[in-house]
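Me: I am new to this structure and should be grateful for a close look at a single part of it. Please choose one helix, describe its surroundings, and then place it in the wider setting of the protein.

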Amino acid sequence: MQPFTTIRQLQLEVRAHPDLAETVLRRARSLVEAWEPWIRAFVYLDWTLAEQNLKEASPLGWLWPAPIGIKDLADVRDMPTTGSSRAYHWVAEADAPAVARLREAGAVILGKTNTQELAYGVITPPTRNPWNLEHIPGGSSGGTAAAVAAGVIPAGLGTDTGGSIRIPASCCGVVGFKPGYGRIPLDGIMPLAPTLDHVGPITRTVEEAAWCYRIMAGEPDPLRPLKGALGWQRLGVPWEYIEQAMAPPVASNFRDCLHLLKELGFALEPFALDPWPNWMAVQMAIRGPESYRVHREVLTGPRRGLLSADLVARLEQGQHVAGADYLEGLATRQAWIRRYREQFARLRLDAVVMPTL
């Protein structure tokens, strides 16, 4: 069975042969049956609901008839939400707004994709990377990224608190986009750290990531052409931050990309980033206490034993962060935002370019 590549390609096939729309779910089911024993990307599938979804979806929808997967943190009507954990389970009565907008745009929801338990981690067991089954897919949106990379679905929904869209997209060779905070509603999404949580798409192309982002953000014209970097001129490269951390193949590919950017006319400027331990300290000062507070009821109650031991250990670190340190983390974050904006303006930078991993 031919894997799905992009939403656009599927739509071109259906326009050329309208009867193919009726076969989309059979194709998706065959792909799931072929790939799922190997990559284990889904935690819940419902073909009856998907069939109903396809019948109800408007052929005029921007995404119709693309089959998609939803990370198991987001509510999907009549499907369970568990955060891929034994400690949580409810059947959603309504879609999260981000999911509802994808559905209204004609997407056909197949089911829920695996996340590292409660989205706290970057491995996403037992999901495996379709490019090499001995490798991880990244996390915590590893189920969505693996399914997109395998061509089981052309797009899906992920969430990102500390890299959970960008890391699996990088590991699986697909496109992940973390939007600005609050651009897509977080209602109906199981939280991890509410001031750091984001919702975003994982797709096969940058263009389709933009489509899905705009749809989930409720923009009126999601398929307008990308402006891209036509007006950009200067890119910052944080050499001191990344050079010692890059594996040789990553360094080689990254230098090839920079060479191409120079050929396209971009100026590459050195750019200083704070050392990695500083970033991690601020991240944990915020994420630690917030994630502990979100899951405190389970951690201190009878369902505690349903959580994996390593997750309990990570979550409980958050209760030891002093209130003053949490507030200092929030203040430092805002100060850094101001400082980096000032640096961008002073150096006249349009973007910073660096490897994801």
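Reply: The account below begins with one helix and then turns to the rest of the protein.

The model is predicted. The helix chosen is α7, which covers residues 206-216. Nine of its 11 residues are buried, so α7 is largely enclosed by the rest of the structure. The buried set begins with Glu-208, Ala-209 and Ala-210. It continues with Trp-211, Cys-212, Tyr-213 and Arg-214, and it ends with Ile-215 and Met-216. Charged, aromatic and aliphatic side chains thus appear together in this list, as Glu-208, Trp-211 and Ile-215 show.

What do these buried residues pack against? Their partners include two helices, α1 (7-16) and α4 (97-104). The strands β6 (155-160), β7 (175-176) and β8 (198-203) are also packed against by the buried residues of α7. Just after the helix, Gly-218 takes a positive phi of about 80°.

A second helix, α12, may be set beside this one. Helix α12 spans residues 323-347 and has 25 residues. At 1.5 Å a residue, a helix of this kind should span 36 Å; the end C-alpha atoms of α12 are 36 Å apart, which agrees. In α12, the buried residues are Gly-329, Thr-332, Trp-336, Tyr-340 and Gln-343. They pack against α10, which runs over residues 276-299. Just after α12, a positive phi of about 55° is found at Arg-348.

The backbone holds further points of interest in its loops. Most residues other than glycine have a negative phi, and most peptide bonds are trans. Against that background, Asp-78 has a positive phi of about 70° although it is not a glycine. Asp-78 lies in the loop between β2 and β3 (80-81). With a relative accessibility of 42%, Asp-78 counts as partly exposed. Leu-118 likewise is not a glycine, and its phi is positive at about 60°. The loop between β5 and α5 holds Leu-118. Is Leu-118 buried or exposed? Leu-118 is buried, with a relative accessible area of 1%.

Two cis peptide bonds can be described as well. The bond from Trp-64 to Pro-65 is cis, with omega near -5°. Pro-65 is placed in the loop between α3 (47-56) and β2 (67-71). Pro-125 and Pro-126 are joined by a cis peptide bond whose omega is about 0°. Pro-126 is found in the loop between β5 (108-113) and α5 (142-150).

The wider setting can now be given. The secondary structure of the protein comes to 12 helices and 11 strands. For 357 residues, a compact globule would have a radius of gyration near 21 Å; the protein has 21 Å, which agrees. Along the principal axes, the C-alpha atoms fill a box of roughly 60 × 55 × 40 Å. Of the 357 residues, 49% count as buried. Among contacts with a separation of 6 or more, 72% are between residues 24 or more positions apart. The accessible surface comes to about 17,500 Å², and 56% of it belongs to carbon and sulfur atoms. The protein has 36 positive and 37 negative side chains, and the centres of the two sets lie 3 Å apart.

Conventions:
Residues are numbered from 1 along each chain as its sequence is written. Side-chain values use heavy atoms; hydrogens and water are left out. Helices (H or I, at least four residues) and strands (E, at least two) are DSSP runs, numbered from the N terminus. The expected span of a helix is 1.5 Å times one less than its number of residues. Buried means under 20% relative accessible area, exposed over 50%, partly exposed in between (1.4 Å probe, protein chains only). Contact means heavy atoms within 4.5 Å. The radius of gyration is taken over C-alpha atoms; the globule rule is 2.2 Å times the number of residues to the power 0.38. Accessible areas come from the Shrake-Rupley method with a 1.4 Å probe; for residues, only the protein chains shown count as cover. Lys and Arg count as positive and Asp and Glu as negative; His and the chain ends are not counted. The place of a charge is taken as NZ of Lys, CZ of Arg, CG of Asp or CD of Glu.
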